[in-house]
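Thanks for coming. I have one structure to go through today, so please put it up on the screen.

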Amino acid sequence: MEKTKMRHFPETPATLFLKQQAAVFASHLYAYEEHGGTKVSARELDVEENCVVKTLIMEDEAGKPLIVLMHGDCKVSTKELARQVGCKKIEPCKPEVANRHTGFLVGGTSPFGTKKKMPIYIEKTILDLPLIYINGGRRGYLVSLNPAELMRILKAQIVEAALR
């Protein structure tokens, strides 16, 4: 599909949430590739992968879910994250568990409009970026916004747990 014909953007729980919060954001559709991750979305939108923020659903030792927002080109040090948030252990949720917590399919997980309210942690250096691209609640769909806008809406806790 030509980009010029992609004028209609999906309405998702994430975009409804953003609109309820009077958020300033722009929509970006791209050709989703299974297991392509942020590398594909960055390439398709012609932006640095570091500016694409992935939404990771993890759980602590008691099975309580949490959201981690991380640069697309970084991994999360779960050991460091657990230490900073006062948990014994944090690990990624299984995809089907993440889907149940969020209401989104893995690959289309957004921190906005999740089914379950969860604590949200954001990598500190994301806040230094002028503009970030983050999932809009559907595979192949990102929204761009200012990190300050993201913080206003989500009230995320700042952590330093990136592995480059």
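I will start with confidence, then take two helices, one strand residue, the pocket and two backbone angles.

First, what we are looking at is a predicted model. The pLDDT averages 94 over the chain, and 96% of the residues score at least 70. The weak stretch is residues 1-6, where the pLDDT is below 50. Beyond near neighbours in sequence, that stretch has three contacts in the model.

Now helix α4, which covers residues 95-102. Which of its residues are buried? They are Val 97, Ala 98, His 101 and Thr 102. Looking down the axis of α4, these buried residues fall within an arc of 120°, so they line one face of the helix. What they pack against is β2, residues 52-60, and β3, residues 65-71. Directly after α4 comes Gly 103, with a positive phi near 85°.

Let me stay on α4 and pick out His 101. Its relative accessibility is 9%, and because the cut-off for buried is under 20%, His 101 counts as buried. Setting aside neighbours within four places in sequence, His 101 is in contact with Ile 57, Pro 65, Cys 93, Lys 115, Lys 116 and Met 118. With one of these, Lys 116, there is a polar contact between the two side chains, at 3.0 Å.

So what about the partner, Lys 116? Lys 116 sits in the loop between α4 and β6, the strand at 120-123. Its relative accessibility is 38%, so Lys 116 counts as partly exposed. With neighbours within four places left out, its contacts are Pro 65 and His 101. Pro 65 therefore appears in both contact lists, that of His 101 and that of Lys 116, where contact means heavy atoms within 4.5 Å. For a sense of distance, Lys 116 and Ala 62 are 54 residues apart in sequence, and their C-alpha atoms are 16 Å apart.

Next, helix α2, residues 37-45. Its buried residues are Thr 38, Val 40, Ser 41, Ala 42 and Leu 45. Those residues pack against four strands by name: β1 (26-29), β2, β7 and β8 (141-145). β2 has come up before, as a packing partner of α4.

Take Thr 38 from that set. Thr 38 is at 12% relative accessibility and counts as buried. Not counting residues up to four places away, Thr 38 touches Glu 49, Val 52, Lys 54, Gly 72 and Asp 73.

On to β7, which runs over residues 132-138 and holds Asn 135. Is Asn 135 buried or exposed? Its relative accessibility is 7%, so Asn 135 counts as buried. The contact list for Asn 135, again without residues up to four places away, has Val 53, a run from Gly 107 through Gly 108, Thr 109, Ser 110 and Pro 111 to Phe 112, and then Tyr 141, Leu 142 and Val 143. The side chain of Asn 135 also reaches the backbone nitrogen of Gly 137, at 2.7 Å. Asn 135 and His 8 are 127 residues apart in sequence, with 17 Å between their C-alpha atoms.

Now the pocket, which some of you will want to see. The largest pocket holds about 660 Å³ of space. How many residues line it? There are 28, and those nearest its centre are Lys 54, Thr 55, Leu 56, Val 106 and Gly 107. The elements α2, β2, α4 and β7 each supply at least two lining residues. β2 gives the largest share, seven residues. Two of the residues nearest the centre have been named already: Lys 54 is touched by Thr 38, and Gly 107 is touched by Asn 135.

Last, two backbone angles. Most residues other than glycine have a negative phi. His 35 is not a glycine, yet its phi is positive, about 65°. His 35 lies in the loop between β1 and α2, and is exposed at 76% relative accessible area. The second is Asp 46, which follows α2 and lies in the loop between α2 and β2. Asp 46 has a positive phi of about 55°, again without being a glycine. Asp 46 is exposed too, with a relative accessible area of 70%.

That is what I had. Questions are welcome.

Notes:
Residues are numbered from 1 along each chain as its sequence is written. This is a predicted model: local features need pLDDT of at least 70, side-chain atom pairs count only at pLDDT 80 or more; totals for chains, interfaces and linings use all residues. Side-chain values use heavy atoms; hydrogens and water are left out. Buried means under 20% relative accessible area, exposed over 50%, partly exposed in between (1.4 Å probe, protein chains only). A polar contact is a pair of N or O atoms within 3.5 Å; within protein, one must be able to donate a hydrogen and the other to accept it, and residues adjacent in sequence count only if both atoms are side-chain atoms. The arc is that of the directions from the helix axis to the C-beta atoms. pLDDT is the predictor's confidence in each residue, from 0 to 100. On a 1 Å grid over the protein atoms alone, a cavity is a set of points where a 1.4 Å probe fits but cannot get out, and a pocket is an open set with protein on both sides within 12 Å along at least five of seven lines; lining residues have an atom within 4 Å of a point. Grid points are joined across faces, edges and corners, and a volume is the space filled by probe spheres set on the points.
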